[in-house]
Amino acid sequence: MPTRLRQIALVANNLESTVSTLTTTLDTTVIERDRGVAKFGLHNALLQLGDTFLEIVSPLPNVDPETTAGGRYLSKFGEGGYMVLMQVDDLHEVEKNLSTLQTIHSGGKSREYVSRKHSPHQKVPLEGITGTHYHPRDMGCIIEATESSPKHEWLWAGNEWYQNDPLGSSTRCGCIARVEIATKNPNEISRQWENNLSLTRRNKTSNSLWTDDGSEITFRKPLHGGENGPVAIDIFSRSISLLNVSTVVCGVVFKFVPNKNSKL
């Protein structure tokens, strides 16, 4: 399987309010709440978009936000895009390629939903999901390079999504088509992604990269001090009436775009 843009996480002040807005806007439902993120002082919800996923995280109500990375991000930048999760074919190889960069977390899950430790540069277990987070200073935002086995599954979102409807039941949304990342060094950061995550640069003068399955990751400089990390997300539309319609939720611009591989 080629590298895929598989999941994007947003950070919000109020989890349930943001989830309510997004499920209504995108015509989707919460498919998973991962209790494991509580060790980071957070709670979350995952929404299904085709076979990709949108995660919303927020500091737990009984936790001082400043003691959590998510809370500190909110204090500095406000609500917005927080992390991008890229599914890679060989995590061990990616970790070797990025061995000079700082990792900020690594771990995984088995099919039995048992959390497990993972140390970067060590052999990845054969079944389940395993990922390594890299520092936003090096990658423009927090990213997780993730290996999933079997490759079509994605245990960060549980397994009910695949058993119930592997492409999602939304009448509005297919997969994530594009993410736009604001970073102070878009040229340097785009090269880092291109060289180490098996992405393609179709135009040498552009800071846009492409996955083999047609998703775009583009980098640009912030327009103001509050812009950081993922600032815009395009989603393949399943509704002709929504094509090119955009809205802002949680500080991120969401836009419905045509899928060239569909009849829309």
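No disulfides are counted in this predicted model. The cut-off for such a bond is 2.5 Å between cysteine sulfur atoms. For Cys141, the closest cysteine sulfur belongs to Cys250 and lies 15 Å away, which is too far for a bond. Cys175 likewise takes part in no disulfide; its nearest cysteine sulfur, in Cys173, is at 10 Å. Both residues were also assessed for solvent accessibility, with buried meaning under 20% relative accessible area. Cys141 has a relative accessibility of 2% and therefore counts as buried. Cys175, with 18%, is classed as buried because this value also falls under the 20% limit.

Cys175 is also one of the residues touched by Arg4. Arg4 is located in strand β1 and, at 10% relative accessibility, is buried. The side chain of Arg4 makes a polar contact of 2.9 Å with the side chain of Asp51. A polar contact of 2.9 Å also links the side chains of Arg4 and Asp213. When residues up to four places away in sequence are left out, the contacts of Arg4 comprise Asp51, Thr52, Leu85, Met86, Gln87, Cys175, Thr211 and Asp213. Among these contacts, Thr52 falls within strand β4, which spans residues 52-59, while Leu85, Met86 and Gln87 fall within β5, which spans residues 80-87.

Strand β1, which contains Arg4, belongs to an open sheet of nine strands. The strand order is β2-β3-β4-β1-β5-β9-β8-β6-β7, and the pairing is mixed. In this order β1 stands between β4 and β5. The edges are formed by β2 (residues 30-32) and β7 (residues 115-117), each of which pairs on one side only. Direction ignored, neighbouring strands of the sheet are turned by 30° against each other on average.

At the β7 edge, the pairing partner is β6, which covers residues 103-109. The two strands run antiparallel and are joined by three bridges. In one pairing, Lys109 has Ser115 of β7 as its bridge partner.

Helix α2, formed by residues 69-77, lies across four strands of the sheet, namely β1 (4-11), β3 (42-49), β4 (52-59) and β5 (80-87). The helix runs at about 135° to β5. The strands crossed by α2 thus include β1, the strand in which Arg4 is found.

Note on methods:
Residues are numbered from 1 along each chain as its sequence is written. This is a predicted model: local features need pLDDT of at least 70, side-chain atom pairs count only at pLDDT 80 or more; totals for chains, interfaces and linings use all residues. Side-chain values use heavy atoms; hydrogens and water are left out. Two strands pair if DSSP finds at least two bridges between them. Axes are lines fitted to C-alpha atoms, for helices over the stretch in contact, and angles run from 0 to 180 degrees between N-to-C directions. Contact means heavy atoms within 4.5 Å. Buried means under 20% relative accessible area, exposed over 50%, partly exposed in between (1.4 Å probe, protein chains only). A polar contact is a pair of N or O atoms within 3.5 Å; within protein, one must be able to donate a hydrogen and the other to accept it, and residues adjacent in sequence count only if both atoms are side-chain atoms.
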